[in-house]
Amino acid sequence: MMGDEIQDFFKTGLEVAKEAGERVKTDFYRNKKIEVKENFADLVTETDKAVEDLIMSKLGQKFPSHKFIGEETVSAGGHCELTDDPTWIIDPIDGTTNFVHGIPHTCISIGLAVNKQIVAGIVHCPILEETYTAIKGHGAFCNSDKLSVSHNQELKGGVVIIEGGTSRVKEILDAKINNTKALIENCHGIRAYGSAAINMCCVARGSHAAYLEHGIHVWDIAAGKLIVEEAGGVVFDPSGDSLDIMNRRVLAACNKEVAGQISKIITNISLERD
Ligand code: IPD
Ligand code: CA
């Protein structure tokens with residue numbers, strides 16, 4: 001696939017993300033119709049579904065041969081299969097809990113995979129008015145500012161993001177609490193912004209040394225992975241192995257030294273693949 005084609009796909013993806021962002025912005029200030037999915041803490045609103053429909057129909061009309069993986073379509077029983085075909089990987093609202101509670105850290109995350117590699121990523125945050133973007137080989141940006149990860153090589157000198165996530169299974173929560181404690185003991189502080197995609201952009205922009213989460217899905221990290229890498233960072237499996245994007249866990253870091261220091265002190269958690 002040619003670079004010009006990827007640029008064209010990216011341009012359309014960005015236009016569609018911005019249009020979807022207008023819907024998210026309007027609905028953010030209104031009463032929301034909320035439903036639950038896996039458990040009481042796994043939320044979806046009518047806006048999530050409407051935004052996913054909008055993105056898929058616009059991109060589908062423009063690129064009829066492309067495939068799609070969308071969070072709400074998969075939740076409704078749709079396919080979650082990553083093939084070599086151009087595939088748009090969509091989280092219509094990442095940070096749904098924030099959206100429901102009026103917390104502004106909420107975004108539309110769109111990644112495009114070709115031959116199973118992410119070649120374009122868009123994380124559009126309509127309330128924060130920040131749009132993070134990356135095209136493979138062309139750097140990462142927030143609005144028009146070029147992004148660059150932190151040069152700090154010591155976990156002890158950084159701030160790390162770790163999320164609670166939506167699982168309420170005791171064994172998973174126990175392991176996450178142990179990992180959180182291990183991180184607190186070894187860094188300046190921990191944070192959690194409630195959106196995997198925004199968390200990854202925080203690593204890309206250089207303010208945070210790393211982001212660790214077990215339990216995410218491919219749509220949470222597809223765009224963010226490329227944005228971190230194009231800002232000079234690394235994205236691994238938390239064990240230190242290379243990332244399997246369908247394997248529901250992620251460690252993004254400013255460099256391999258910090259990632260290695262985190263892998264050594266945490267316990268990995270196994271989850272059912274996407
Ligand atoms: C969630 C967010 C959150 C993370 C959860 C995700 P959603 O995605 O990314 O930060 O902790 O694991 O499920 O449900 O808001 O799209
Ligand atoms: Ca979502």
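**How the calcium site and the sheet are called**

In sequence, the residues donating to the calcium ion (ligand 2) follow the spacing E-x19-D-x1-I. This is a predicted model, where local features need pLDDT of at least 70 and side-chain atom pairs count only at pLDDT 80 or more, while totals for chains, interfaces and linings use all residues. Residues are numbered from 1 along each chain as its sequence is written, and side-chain values use heavy atoms, with hydrogens and water left out.

Reader: What makes Glu71 and Asp91 donors of the calcium ion (ligand 2)?
Author: Donors are N, O and S atoms within 2.8 Å of the metal, or 3.2 Å for Na, K and Ca; water is not among the atoms, so sites may look incomplete. Here Glu71 (OE), Asp91 (OD), Asp91 (OD) and Ile93 (O) coordinate the ion at 2.1 to 3.1 Å, so they fit the calcium limit.

Reader: Why is Glu71 called buried?
Author: Buried means under 20% relative accessible area, exposed over 50%, and partly exposed in between (1.4 Å probe, protein chains only). Glu71 has 12%, so it counts as buried. Asp91, with 1%, is buried as well.

Reader: How do you know that strand β5 and strand β6 pair?
Author: Two strands pair if DSSP finds at least two bridges between them. Strands (E, at least two residues) and helices (H or I, at least four) are DSSP runs, numbered from the N terminus. Strand β5 (residues 107-114) and strand β6 (residues 117-125) have seven bridges, in the antiparallel sense, so they pair. Ser109 has Val123 in β6 as its bridge partner.

Technical notes. Chains lettered and ligands numbered in written order.
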